[in-house]
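Trainee: I'm new to this one, so could we go through it together? I'll ask, and you can walk me through the reasoning.

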Amino acid sequence: MALLNPPELRASVMCVALLYLAQRRGQGDDADQIIGAIAPPSLSSDPGKLQLDARRNLVAVVEIGLATRTGDRIKLTPAATKAAGKGPVAMSALIRDRVLSEELNTAPWGSQEGARDLTNALAWFLSFSPAEAPISMERASPSAKSLQERDFGPRHSQDDESSGWPISNDTRWNAFQRWACALGFAWRSPARRLIPDPTPVVRGSIPSIFGAQKSLDAHTFVGALGTSIPVLETGAYRRTVEQNWKRPPRDVETLSPATSEALLRLAASGHLKFEDRADSSRVRRFDGSTFSHVSKGRVS
């Protein structure tokens, strides 16, 4: 299984399958019944393709751990049933949790197994500022092709995966754009440019970052951030990408533009409060500002 290929995989279609199964007796049904319900032939002039797309997404629902399959019968997990009852935001968060789960990210660098292709791509993309981030695979600059050549070396062919490129071709780039937005790591500008922005994910992770604590020193906060969201700084998947790129060693005291701007947004919205104490160790944002302590804000 890989999440960027086949390109038909979509979090939105997975959510439709979850919603359907949540309404069935025992939260389960036969695969053909599910396909017929979520992709009826009358919806498309090419019903064969429509149902093939739905079937591939249903396979992915099982493979990423949202449902189990026994013979032809597919049944939601308790966590997926609960999320479906809460609505789209909860379902998206559950899909994101599964994508980021350790069990789907055990494959080595360059592998397309599990969720490794998507998490490598997210960790790499989130290292850029909006101005630096790729806007196409290779037709316009900055392109994912040129940036990956700089970071990981040349690709020997369009479908070469041994080079370790997180996004190896245009098909995967298109799929990545959908996934990044669906999981809360990016959004599209009015000009349709993909903007790296983990703000919604960081906001939703505030309870797990702080636990029972109300305040954390800066380095503990950043470490907890990486544990909760491993495609960000100090996270296991971000470190995997950093260990394999050719950039100069990153200043570990400086956060990336995407993370820095997310924290500033959450400070402005009242979700987080930052202090900069002169007698304490500090972390530096990309704009040069620093902070030594972080606490939950009034609206967290």
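Trainee: Let's start with helix 2. What covers its buried residues?

Mentor: Keep in mind that we're looking at a predicted model. Both helices and strands turn up in the cover of the buried residues of helix 2. It includes helix 1 (11-22), strand 1 (28-30), helix 3 (47-63), strand 2 (67-70) and strand 3 (73-76).

Trainee: And which residues of helix 2 are the buried ones?

Mentor: Look along residues 31-38, the span of helix 2. Buried means under 20% relative accessible area. The residues of helix 2 that are buried are A31, I34, I35 and I38.

Trainee: Why do those sit on the same side of helix 2?

Mentor: Take the buried set, A31, I34, I35 and I38. What puts them on the same side of helix 2 is the arc they cover around the axis, which is only 100°.

Trainee: Strand 3 was part of that cover. Which of its side chains are buried?

Mentor: In a regular strand, side chains alternate between the two faces of the sheet. Strand 3 shows this alternation: R73 and K75 point to one face and are not buried. Pointing to the other face, and buried, are I74 and L76.

Trainee: Which residue in strand 3 is the bridge partner of D30?

Mentor: Strand 1 and strand 3 run antiparallel, joined by three bridges. In strand 3, D30 has as its bridge partner R73.

Trainee: What about strand 2: which residue in its turn with strand 3 has a positive phi?

Mentor: Strand 2 and strand 3 pair antiparallel over four bridges, with T68 standing opposite K75. The two strands form a hairpin with two residues between them. The turn residue with a positive phi, about 65°, is G71.

Trainee: Now the open sheet of three strands. Which strands stand at its edges?

Mentor: The order in this sheet is 6-10-7, with antiparallel pairing. An edge strand has a single partner strand, so one side of it is left without a neighbour in the sheet. That describes strand 6 (215-217) and strand 7 (272-275).

Trainee: By how much are neighbouring strands of this sheet turned against each other on average?

Mentor: Ignore direction here and take the average over neighbouring strands of this sheet. The turn comes out at 20°.

Trainee: Last one: at about what angle does helix 10 run to strand 6?

Mentor: Helix 9 (residues 199-210) lies across strand 6, strand 7 and strand 10, at about 105° to strand 10. Helix 10 (residues 218-228) also lies across strand 6, strand 7 and strand 10. Its angle to strand 6 is about 100°.

Key. Residues numbered from 1 in each chain as written. Predicted model: local features only at pLDDT ≥ 70, side-chain atom pairs only at ≥ 80, totals over all residues. Heavy atoms only, no water. Buried < 20%, exposed > 50% of the residue type's maximum accessible area, 1.4 Å probe, protein only. Arc of directions from axis to C-beta. Contact = heavy atoms within 4.5 Å. Pairing = 2+ DSSP bridges. Axes fitted to C-alpha atoms, helices over the stretch in contact; angles between N-to-C directions.
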